[in-house]
Amino acid sequence: MSLLVRRLKVMDIPSLEALERDSVDRHPGRRGWLDTYRRHVERSLSEEPEGFLVAELNGAVVGGAICRQRGPHPLTGHKHGQLLALTASPAYSRYNVAQRLLLEAAGYLKSRGCKSMTVWCPTDMDPKEIDVFKNAGFS
């Protein structure tokens, strides 16, 4: 079984929304997230669809990431990017879906000239979720 990270296809959206709903069910404090996620999806599709990544395993959507290029960072002045959403099915954690999506998102932004990436994370993340970012060098 090989994990494939690719660009979004419109038919992936229901599967990604289901993953987000599952995440909200596991973290009740995130109830408003689904509306925010849908706005990120709409904006990504209209402004930067190539920054919407999907993880697929044996034909099933098992994760997704939304990243965007931004202008100059207010502190450094360098072009930067943002990771607006990162979702991976916990059922496939042994395949390191979140880690792979994070690295692919960073690579996409770097290929667009971004020198840094801001990551938006919920405050109620599990320690295993936080480790994904720490292991990739984020602080």
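The following legends describe an overall view and several close-up views of a predicted model.

**Figure 1. Overall fold of the protein chain in the predicted model.** The protein chain contains four helices and five strands. From the N terminus onwards, these elements are arranged in the order β-α-α-β-β-β-α-β-α. Along the principal axes, the C-alpha atoms occupy a box of roughly 40 × 30 × 30 Å. The radius of gyration of the protein chain is 14 Å, which agrees with the value near 14 Å for a compact globule of 139 residues.

**Figure 2. Burial, contacts and surface of the protein chain.** Of the 139 residues in the protein chain, 40% are buried. Contacts between residues at least 6 apart in sequence were examined, and 60% of them join residues at least 24 apart. The exposed area of the protein chain is about 7,900 Å², of which carbon and sulfur atoms supply 53%. The protein chain carries 20 positive and 16 negative charges, and the mean positions of these two sets lie 5 Å apart.

**Figure 3. Close-up of Glu56 in strand β2.** Strand β2 spans residues 52–57 and includes Glu56. Glu56 has a relative accessibility of 17% and therefore counts as buried, the cut-off for this class being under 20%. The side chain of Glu56 forms a polar contact of 2.8 Å with the side chain of Arg6. When neighbours within four places in sequence are set aside, Arg6 is one of the residues in contact with Glu56, together with Ser2, Leu3, Leu4 and Val62.

**Figure 4. Close-up of Asn58 in the loop between β2 and β3.** Asn58 lies in the loop that leads from β2 to β3, the latter strand covering residues 60–72. Most residues other than glycine have a negative phi. Asn58, which is not a glycine, has a positive phi of about 50°. With a relative accessibility of 52%, Asn58 counts as exposed, since this class begins over 50%.

**Figure 5. Close-up of Asn96 in the loop between β4 and α3.** The loop that holds Asn96 connects strand β4 (79–88) with helix α3 (97–111). Asn96 is a residue other than glycine with a positive phi, near 55°. The relative accessibility of Asn96 is 39%, so this residue counts as partly exposed.

Note on methods:
Residues are numbered from 1 along each chain as its sequence is written. This is a predicted model: local features need pLDDT of at least 70, side-chain atom pairs count only at pLDDT 80 or more; totals for chains, interfaces and linings use all residues. Side-chain values use heavy atoms; hydrogens and water are left out. Helices (H or I, at least four residues) and strands (E, at least two) are DSSP runs, numbered from the N terminus. The radius of gyration is taken over C-alpha atoms; the globule rule is 2.2 Å times the number of residues to the power 0.38. Buried means under 20% relative accessible area, exposed over 50%, partly exposed in between (1.4 Å probe, protein chains only). Contact means heavy atoms within 4.5 Å. Accessible areas come from the Shrake-Rupley method with a 1.4 Å probe; for residues, only the protein chains shown count as cover. Lys and Arg count as positive and Asp and Glu as negative; His and the chain ends are not counted. The place of a charge is taken as NZ of Lys, CZ of Arg, CG of Asp or CD of Glu. A polar contact is a pair of N or O atoms within 3.5 Å; within protein, one must be able to donate a hydrogen and the other to accept it, and residues adjacent in sequence count only if both atoms are side-chain atoms.
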